[in-house]
Amino acid sequence: MTSPPPGGAGDRPRSPEYRLAADAVRGLRQDMFHDAFAYRPLRRMRTDGPLTRRLPGTLRAYAAWTPHATVAAMGLLAMAAGYSGVGGPGESPVTQLLCGLLALLPVLATLIRPIGAFWLSIAAVPVVAVFSNSWSEWPWAPGSFLAHVTVLTVVALRSRPRVAAWMWLLTAAYSLVAETFFGGSYYSANTFPLLFVSALALLIVTVLNVRREAEQEVTAHQSETAQERSRRTLLEERTTIARELHDVVAHHMSVVAIQAEAAPYRVENPPPELEQAFVTIRENAVAALTELRRVLGVVRAEDYEAPDAPQPTLADLDGLLANVRDAGLTVEKAVTGAVRELPQGVELSAYRIVQEALSNTLRHAPGASARVEIGYVLGGLGLRMVNGPAPVTTLEKSTHGAGHGITGMRERVTMLDGEMTTGVMDDGGYEVVVFLPVPSGEATG
């Protein structure tokens, strides 16, 4: 047996209409027939909303079952309509009860098996029509009418918008077939009223579902954006710290290399061992400086230039306070303990932390007063920056800065193995407390 030639019937490309129809049939089978009676219980409602969180504990626990109670109430209403809607002069109470139960069961089934509840509702409609003696409306008895609209609404709320479209099309197909072939002996038909009401309900539900999904996507996107912005700010702060440390360490290593090179000339007739030791020190310092520039130099931007002035220290804090006072911030400084020179990295980080804390005060508490406390204690340096509440509450959030100054401060504190706490004070102000450890051997008198 030979295979068909290329380009024959076996390799004939499918038309777009055929592919569209095949996709539709595949979607119908997936949504309405595959696992149609799968167990999917309705979850309880969240009780952390603006209204439910104000309820007492017992009522809040009951409020979580509000969706289930609503569906059960609609089922009882459909049961009442089914019980009374098929009644006639010779109608049996058993038949009325059966028609009421056939209206109630599909509605209750939406709580555990939503797609199966739709098929149960469709199957119950002709059964109610057979047992009922009512000749007024066809094919939807009053109880079946209300029950089916309720089922469509609940299932649409619990499923994708495409499922709502499939349910409405299947309902329309059943209604038109029943009305065309079996509705000749009835006084009136209610197919179009049912289709109109169900279409309106499904349209509202679909709009609500689309809006809810859009809000969830926007919330997720905002969360991802905030996390990305936080990570970017953290990387920028680490880059800044690396640049500053590069400048500080490179300066000290250069001084070591120069002093090692000049030391032999300060001693008359130095021994060869001493000259060789200084040569080794200089070679190691130059090698370390070269490696440092190679490794840490990659964090510099192409247009970055090392500052001509030395990196700021706590001795330059008065100039910083003068600048923020010129910007309108009333700030005080208090120093306790024996003032001493600390390692340059600690001095630089402490200066930057105070600078960022005062910048946050200017941005988020305009008009408030601030206080900077510096404590030279045994084993480290303590910093406390506190500001009072803003005199006037601003409704608009400040647009200055990325809003992640605390992240940068924490990064500097973590780099030095320090501790940092922040929080809102009782009077509405804000407090930042930092401790930077300094081993006794690293502090110079």
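Q: Is Leu120 buried, partly exposed or exposed?
A: In this predicted model, Leu120 lies in helix H5, residues 114–131. Partly exposed covers the range between 20% and 50% relative accessible area. Leu120 has 38% relative accessibility, so the residue counts as partly exposed.

Q: Which helix gives the most to the nonpolar patch?
A: The patch has an area of about 410 Å² and is made by Tyr83, Leu97, Leu101, Leu105 and Leu120. Three of its residues come from one helix, residues 93–109, and that helix is H4.

Q: How are H5 and H7 oriented to each other?
A: Ile115, Phe118, Trp119, Ile122, Val125 and Pro126 in H5 meet Val163, Met167, Leu170, Thr171 and Tyr174 in H7. The two axes come within 12 Å and cross at roughly 10°. Angles under 35 degrees count as roughly parallel, so H5 and H7 are roughly parallel.

Q: What separates Arg211 and Glu215 along helix H8?
A: Their side chains meet in a salt bridge, 3.3 Å from N to O. Arg211 is exposed at 56% relative accessible area, and Glu215 is partly exposed at 43%. Because they are four residues apart in H8 (residues 191–262), the separation is about one helical turn.

Q: Which residue forms a salt bridge with Asp48, and how far apart are the closest N and O atoms?
A: Asp48 is partly exposed, with 38% relative accessibility. Its partner counts as exposed at 63%. That partner is Arg46, and the closest N and O atoms are 2.5 Å apart.

Terms used: Residues numbered from 1 in each chain as written. Predicted model: local features only at pLDDT ≥ 70, side-chain atom pairs only at ≥ 80, totals over all residues. Heavy atoms only, no water. Patch = residues over 30% accessible without salt bridge, like charges linked within 9 Å, V, L, I, M, F, W, Y side chains within 5 Å. Areas by Shrake-Rupley, 256 points an atom, 1.4 Å probe, with all protein chains shown as cover. Salt bridge = Lys/Arg side-chain N within 4 Å of Asp/Glu carboxyl O. Helix = DSSP H or I, 4+ residues; strand = E, 2+ residues; numbered from the N terminus. Buried < 20%, exposed > 50% of the residue type's maximum accessible area, 1.4 Å probe, protein only. Axes fitted to C-alpha atoms, helices over the stretch in contact; angles between N-to-C directions. Parallel < 35°, antiparallel > 145°, perpendicular 65-115°, else oblique. Contact = heavy atoms within 4.5 Å.
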